Amino acid sequence: QVQLVESGGGLVQAGGSLRLSCAASGNIGSINAMGWYRQAPGKQRELVARITSGGIPNYADSVKGRFTISRDGAKNTLFLQMTSLKPEDTAVYYCKTEATRAWVGYDYWGQGTQVTVSS
């Protein structure tokens with residue numbers, strides 16, 4: 001059974017920083033990419049940042065220059081360093097792992113962690 005456990009969310013003032021972590025465990029298979037997504041109330045879930053197994057990141061325009069995604073491949077752990085936070089960054093942040101096992105692709109999601117940025 002695959003588990004993704006996020007941590008590091010919380011309440012922070014605008015301009016502050018937070019670091020999210022996502023630990024993946026279980027029979028995941030071969031990881032192709034990992035990413036962070038977020039969903040604000042009344043809005044669709046959106047990509048925040050994603051990093052491939054080769055270490056190539058991409059970011060949503062809204063977070064470029066403020067957020068940094070990184071990964072510890074040996075430990076299947078994903079991080080998101082968030083700086084200069086804005087109230088509009090408030091959302092539930094989800095970790096996603098894209099993997100292949102026995103030639104079949106799978107997407108695994110964590111349960112989410114709340115990030116609230118006060119003005």
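## Exercises: two loops and a sheet

N76 counts as partly exposed, because its relative accessibility is 22%. This value comes from a predicted model. The exercises below work on that model.

**Exercise 1.** Find where N76 lies, and state what marks its phi.

*Solution.*
- Step 1: Look between strand 7 (67-72) and strand 8 (77-82); N76 lies in that loop.
- Step 2: Read phi; for N76 the angle is near 50 degrees.
- Step 3: Note the sign. The value is positive, and N76 is a residue other than glycine.

**Exercise 2.** Is A102 buried or exposed? Locate the residue and describe its phi too.

*Solution.*
- Step 1: Go to the loop between strand 9 (91-101) and strand 10 (104-109), where A102 lies.
- Step 2: Take its relative accessible area, which is 63%.
- Step 3: Apply the cut-off: exposed means over 50%. A102 is therefore exposed.
- Step 4: Check phi. A102 has a positive value of about 55 degrees, although it is not a glycine.

**Exercise 3.** Which strands stand at the edges of the open sheet with the order 1-3-8-7, and why?

*Solution.*
- Step 1: Write down the sheet. It is open, has four strands, and its pairing is antiparallel.
- Step 2: Look for strands with a single partner; strand 1 (3-7) and strand 7 each have one, so one side of each lacks a neighbour in the sheet.
- Step 3: Add the twist, which averages 15 degrees from one strand to the next.

**Exercise 4.** How many bridges join strand 1 to strand 3?

*Solution.*
- Step 1: Recall how pairing works. Strands of a sheet pair through backbone hydrogen bonds.
- Step 2: Count between strand 1 and strand 3 (residues 18-25); five bridges join them, and they run antiparallel.
- Step 3: Pick out one residue. V5 has A23 in strand 3 as its bridge partner.

Notes
Residues are numbered from 1 along each chain as its sequence is written. This is a predicted model: local features need pLDDT of at least 70, side-chain atom pairs count only at pLDDT 80 or more; totals for chains, interfaces and linings use all residues. Side-chain values use heavy atoms; hydrogens and water are left out. Helices (H or I, at least four residues) and strands (E, at least two) are DSSP runs, numbered from the N terminus. Buried means under 20% relative accessible area, exposed over 50%, partly exposed in between (1.4 Å probe, protein chains only). Two strands pair if DSSP finds at least two bridges between them. Axes are lines fitted to C-alpha atoms, for helices over the stretch in contact, and angles run from 0 to 180 degrees between N-to-C directions.
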